[in-house]
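Trainee: I should like to work through this assembly with you, beginning with its chain contacts and ending with single residues. Please show the sequence and the structure.

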Amino acid sequence: MTPALLEVNNLSIGYRTAGGIAMAVDDVSFRVDRGGSLGLVGESGCGKTTIGMALMGLLAPNATIVSGQARFEGEDLIAVSGERMRQIRWRRISMIFQAAMNALNPVHRVQDQISEAIITHEPDLSGHAVAHRTRSLFDLVKIPESRLQDYPHQFSGGMRQRVIIAMALACNPSLIIADEPTTALDVIVQNQILSAIGTFQKEMNLGMIFISHDLAVVADVCTHIGVMYAGRMVEYGSRQEVLDCPGHPYTRMLVGSLLTLSDQPADLSGIFVTNGENGAAATGGCPLNLICPDATVVCRREQAGWVDLTGTHRVRCPYAGKGR
Amino acid sequence: MTDANLPSPKTGTTPGMAAGRALPHWVDRFLGGWRVYRKNTIGRIGMALLVLFALMATTSFIPQWVDPMYHPMTGVDPQISYSTGPSLRHWLGTDFIGRDIFSQLLAGARIAFMVGISSALISILFGTTIGMVAGYAGKHTDLILMRLADMIMVMPTLLVVLLLSALFGQLNIWIIVLMIALFRWPGVARVIRSQTLSLRHRPFIEAARVAGASHLRIIFRHILPNVMPLALLYMTFRVTSAIIIEAALAFLGFGDPGTVSWGMMLQWVWKTGHMFQAPYWMLPPGICISLITMAFYMTGRAMDDVLDPRLREEETTP
Amino acid sequence: MGLKRFVLRRLVEIAVIFFVIMTVLFVLFRLAPGDPVSRMVDPSMTPEDARLLMESMGLDQPLWTQYLYYLKNVATGNMGVSFHYGEPVIDILMNRLPNTVLLFTTSILLSALLGVFLGKIAAWKRGQRTDTLLTIGALFCHTLFLPWLALIMIWFFAYRVGWFPITGMVSPDVWIDPGAGWLAKALDVLHHMALPLMTLILIHFGSYLLVMRSSMLDTLKDDYIITARAKGLEEKTIRDHHAAPNAALPVVTSVGLSLAFSINGGALTETVFTWPGIGRELVFSVSHSDYPLAQAAFLIIAIVVLVANLVVDVLYAYLDPRIRY
Amino acid sequence: MDGRNCWRRGVLLLLTAVMLTACHEKNTHHVLNIGLAEEPRTLNVWLASDANSRKVLSLIYQPLYVYDPDTLDLVPWLAESMPVYDAQTLSYSVTLREARWSDDTPFTSRDVAFTGSLIQSFKVPRYASDWDFIKRIETPDSRTVRFYLKQPMAAFLTGTLSTPIVQEKEWADFAEKAQTTEKPLTALVNHRMQHPVGTGPFTLEQWRRGAFLHLKRNPHFFGIGKTIGGRTLGPFVDDLVYTVFGTSDVAILALIKGDIDMLWWPIQPGYMADLSRRKEIRLFTNEKSALYFMGFNLRRPPFNDMALRRAVAYMIDKKFIVSRILQGQGTKMFSVVPEENRFWCCTDLPRYGDGMSRENRLKAAYQVLVDAGYSWAVPPVDAAGNLQAAREIRLPGGQPMKRFTILTPPADYDPHRATSGLMIQEWLRELGMPAYARPMAFSSMLEQIKGHHDFDAFILGYGHLGLDPDYVRNLFHSANDKSRGWNMSGYRNSAFDEMADRSISEMDPVKRQALVMEMQKLIARDLPYIPLYKPSVVEAVRRDRFEGWVEMLEGIGNIWSMCQVKPVSSDGA
């Protein structure tokens, strides 16, 4: 097996609060290969964005990495110095932000915002070369060059997302973390953006972590899927494996809702009632035990370990693969 | 009223609870606010200073009661005919004809509170009423009132009062207070107006309207309690500016010559040529003016923190 | 372009406001106790000269006609003759206006810059000792009593240490020296301006610092700051290039709102430092009952404030690309 | 980053430059730096009624005669000798000195005649009254002027001959033009003078409004090297620079620092202690021809009663006012004519309460009031002759006295008068009188007193009384009891009027003196005004810069000083 582009092992992240450390991400492991893409799915607050931020070294000041490592091209992202991390950012790992966010600075022209990233990481590049690169990036995401001089508020939502993508590609990174890039866009634009992302990822042979709450979207673009719930990864496998034979009850619920999407709205009310936000560790038992139809006394008492269904497909449920 | 049955908005403060049970709710809210306030360092310093000045103001009657020579305006020490430094007999020394500076300073605190608070009260009264009316009525009323506010807001109050004193001669201290108030309401009105605008379409207001409450009743029963804390906050800032304007006016020589305010004291120092020779006379009033404005300002800022739920959250959540 | 229309609209608004102020002044001058004529005519004039002057100003006409005369006179810059100087007030004030504008704009500009700069640092170091010191320092400076501070500044910097001249705007020995070039003269004015400027900045920067600090704290939570970080930009670049420009916008607004406050302070400063400006002239005219001068000085100050407000608005539009009028 | 550094360097450079100008070298020729309290009002001599303009113009425009600093007698100035009186034709002849204007044209008798006719034809305020009794002016030759008077007039010598003379060449064209305008006088006084041409020791070099005014030595000054009045004239300084300081505090700092050499305005007693301790400062204390007084409204109760005014006079402790409020910088006054005016001042006047203790004053005042029929709820003196707190004084008619106010200027305008008002209020309350001192803006106060006659009592002062006692007539003549008239009290006494009318046309000084003395006695008896005090003029100069100041009534700021001060010759020592 070729060495993974990114390999995350037993990553745990907590937030310092008045009452101790609240775990937001608990013992998460996954890998992303060059040219491969991992979709992290889960409801909001399940810790998926925290993982993305941790990989970029952009955790909030009160967040702390409790344990784990993230090997990226031979370096442990968790352990590198702040300055080294700054150099890695964008140059090698870049990020596509949510369009609904104010990811672009309103007072600077988009051209400047893109070229700024290039200049920071490739200071030797001539001004001409930078301008040329910026123009070609705009070409790539199919925005007329004439709009380089515009300000973010002059773009529509979809266009802004394209700008963000162009920005993410500016320094030819090897890994892209896309955090809900299509949320809050209407369906048609969403599809365009998704296909654009998919294309670049494949053409440029990039590794990608795609974070979304929408399994359908993830299913569209990713080669691997990790399902997260309450700070833990509950199922991890290739797209096929996860979608076709979901092992975890939660995944099954997600997949179930996905399938009914075309016919009629699924009754999601049962699924999305959660008890403890990120506080998985606090309850002691399986965080899903209250809503899981198959929960037993054991589930209430202790955490489940990994159950390997296949070599690449793992589920964190003692009853996985054993039928209902 | 059906307010209580409506789902309450997300924030901790529940608008519309005023009707019927206004008092306990108020007390509750106040105590809650106080608990947050107490943790604020700046607020604590401000409050302590204010208590100190209040103490000065209340004790200002004592010296002249001890001995008429301590009367801040008319009492002179029979043995002293020029400005002297601090001594046991005169804790801060005497002014150029032998009046006691310390008792003048105490009297000044009284005037400062009087000027500051009464002028702030009046401007808040104007500002809140006009702001609520403008916000609630909307349309032309709003437009006209806000244009008026804009216009008054750009006027430099001190210079306006100066001009008026040129025209009308000597101004009485209460006229000065009124003038300051008349030119300081627009800021309050704008804030209250925007607050009212955001309240206007809240369910409990709509409900009251549907229930047939008159406009006046809606404004004073339902909107007023909700803008009250904000108005109070602005009052502390208005107190500051009123004190400063009165002091500046007195310093320039257009104050009420019958009152012993700190500005007046500074003016006496200045005009009798003791500015750079009698630090014991020149420093205290200036320090007092600066400190009392700072105290009100700090109190205001701390109150601002208390009233701003965003900042409050920041303190309690990770 | 939209900006042009915006400026035009604001100019019309300014004209209307100015008109209202003029009218209010007119009414006030006639409401004031005593003889309105005595406010317009020098008391030392002979009766027939006073009568002629009254006629020329229309003071013998009915109120309505007087009002029209008044408007016409103000519009043509004929605001009467100063009792004290015996010269048209407009000449006197136009002579003083540049001095006021110089001190006023420099002080506002510099205090806003200083406020923005320090506010930025305070917000960046939120909760640390630097922040606490800056915030409390700003609060303290902001609430100092200006004329008092000014006198202490004079005492300390001009007298004790002797770095700056005591008061005034120029030192005669430089200006009567035929050998002194324009540079020496300009430096001389700067040298005189330093102390009043320092005083004004000390009083005013605090409020800008506080505004900048809280606005910067808000901005730092914005998403584009995360973007900037993700881009691997240096912290200083993020602070100065991404957070500060956005955070500074509310400061511009607050400059506009505090203009009136600044001009109050300007008048006090001019008076204490004997800076030959309009504010000092207003204070002077009030204490000398020079009504035409007081009225005109006030009107000109009103224009200065209104125009400065417009400038601030246009500046805001220029700085914030989202706003296009 | 480079741009920023560059910017920083620029600021640094600028700051250094600013610092460097602080150490600017002084000029080699002698500049006398004078501090003024206020900007001079104008350079138009006909408008210049304020002290600050006169401080400049008195060095440019010169009169025919000036006062000797020691004797206060007239000394020929532009004139060569004393005027020759011809009683038959009622005329005075004046021979002029050989002099030149600052534009190097000769000064002739035509200039004098022109000045007179200009004042007469325009009715220039302040001067017209000194010239309207002159029938005609003849100029037999260029050095002789002959004035023909309509009637004998005492003011001729003191007033007419002290009028500053202007140049015909400079004013003739403008005067002619002004005559054709609708309001000639306004046109004349509002004429903006750029470069006044005079005969004085200095000429205007430049005036930067709001900053400074620069006078240069006039090379054509007639007095250079001459000895007039026993004094050898200079001027010995090359330049005079007047700088305006808003307040005396900073002006005195500037003096101590050495920025200015002389402060041309009286300083407050508060500074004296500090200044007298400094070696480099020299203080001059001089008398002033002034009158500070308490005035009453004789047109209405309660002060229409002479007895009450006299009681008030007993209660006022002038010694307290002078020693406490003026800090000793002044003298008590008992006549409306200052004592320094030896010839005219009457010393044989009642000095109410002078030298008495508080107790005796109270008893004396009480006695005056009891005799006049006043009564009290609780009298200030009990049956046994002991003092007690008086309450509620009643007028002779039995009705209680209504509260009355004593108007004073505000403390910033004049702290002495404001404080005196407060003290007098306290003293009168000892008599049970409902007195209230009320400081009031100066102009409003004048309006109320002069314009509306709506007041009870007030404290005012005349800072610069002329040497001629004609003001005694002006202040109390019943003809002046009108709105905005001089007679603010409303004093009406036909005996006084008659004497006053006679005094003005009496040309024999001794006879006139007797009349004026008699008038003063009437005033001291009836007390429409109670003279209070006269402040001294304290001035400060730097000892190490110039010497030779000439002390005079009103202080050292006079033409004699400016013609005589010399730089201290410390350069060699």
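The questions below concern contacts between chains, salt bridges, cysteines and two residues of chain A.

Mentor: A word on conventions: this is a predicted model, in which local features need pLDDT of at least 70 and side-chain atom pairs count only at pLDDT 80 or more, while totals for chains, interfaces and linings use all residues. Residues are numbered from 1 along each chain as its sequence is written, chains are lettered from A and ligands numbered from 1 in the order in which they are written, and side-chain values use heavy atoms, with hydrogens and water left out.

Trainee: Of the five pairs of chains in contact, which share the most contacts?

Mentor: Contact here means heavy atoms within 4.5 Å. Chain A and chain D are not joined by any contact, their closest C-alpha atoms lying 14 Å apart. Among the five pairs that do touch, the most contacts are shared by chains B and C.

Trainee: How much area do chain C and chain B bury between them?

Mentor: The size of an interface is often given as the accessible area lost when the parts come together. Buried area is computed with a 1.4 Å probe and summed over both parts. The contact draws 49 residues from chain C and 41 residues from chain B. With 80% of it on carbon and sulfur atoms, the area buried between the two chains is about 4100 Å².

Trainee: Which three residues supply more than any other three of the area that chain C buries against chain B?

Mentor: For the area just given, about 4100 Å² over both chains, the share of chain C can be broken down by residue. A trio supplies 18% of what chain C buries against chain B: T143(C), F145(C) and W148(C).

Trainee: Which salt bridge is counted between chain C and chain B?

Mentor: A salt bridge requires a side-chain nitrogen of Lys or Arg within 4 Å of a carboxyl oxygen of Asp or Glu. The count between these two chains is one. Its closest N and O atoms are 3.3 Å apart, and the partners are E13(C) and R147(B).

Trainee: From which helix comes the largest share of the side of chain C that touches chain B?

Mentor: Between the two chains there are five residue pairs in polar contact, both residues being at pLDDT 80 or more; such a contact is a pair of N or O atoms within 3.5 Å, where within protein one must be able to donate a hydrogen and the other to accept it, and residues adjacent in sequence count only if both atoms are side-chain atoms. Helices (H or I, at least four residues) and strands (E, at least two) are DSSP runs numbered from the N terminus, and those of chain C that each supply at least two residues include α1 (2–31), α9 (182–220) and α14 (291–319). Nine residues, the largest share, come from α14(C).

Trainee: Which salt bridge ties together parts of chain D that are 156 residues apart in sequence?

Mentor: One partner lies in the loop between β15 (291–296) and α10 (306–315), the other in the loop between α14 (442–451) and β21 (457–462), so the pair ties together separate parts of the chain. With buried meaning under 20% relative accessible area, exposed over 50% and partly exposed in between (1.4 Å probe, protein chains only), R300(D) is partly exposed at 28%, whereas D456(D) is buried at 10%. The N to O distance is 3.2 Å, and the pair is R300(D) and D456(D).

Trainee: How many disulfides does the structure hold, and why do C345(D) and C346(D) not form one?

Mentor: A disulfide is a pair of cysteine sulfur atoms within 2.5 Å. C345(D) is buried at 7% relative accessibility, and C346(D) is buried at 4%. The sulfur of C345(D) has its closest cysteine sulfur in C346(D), and because they are 6.8 Å apart they are too far for a bond. Over all chains, the number of disulfides is zero.

Trainee: Which residue offers its backbone oxygen to a polar atom of the side chain of R147(A)?

Mentor: R147(A) sits in the loop between α4 (127–140) and α5 (157–168) of chain A. Leaving out residues up to four places away in sequence, R147(A) touches V110(A), F138(A), F155(A) and M159(A), among others. The backbone oxygen at 2.8 Å from its side chain belongs to Q154(A).

Trainee: How far apart in space are V130(A) and Q154(A)?

Mentor: V130(A) is in helix α4 of chain A and is buried, at 5% relative accessibility. Its contacts, not counting residues up to four places away in sequence, are S115(A), I118(A), I119(A) and L125(A). V130(A) and Q154(A) are 24 residues apart in sequence, and their C-alpha to C-alpha distance is 23 Å.
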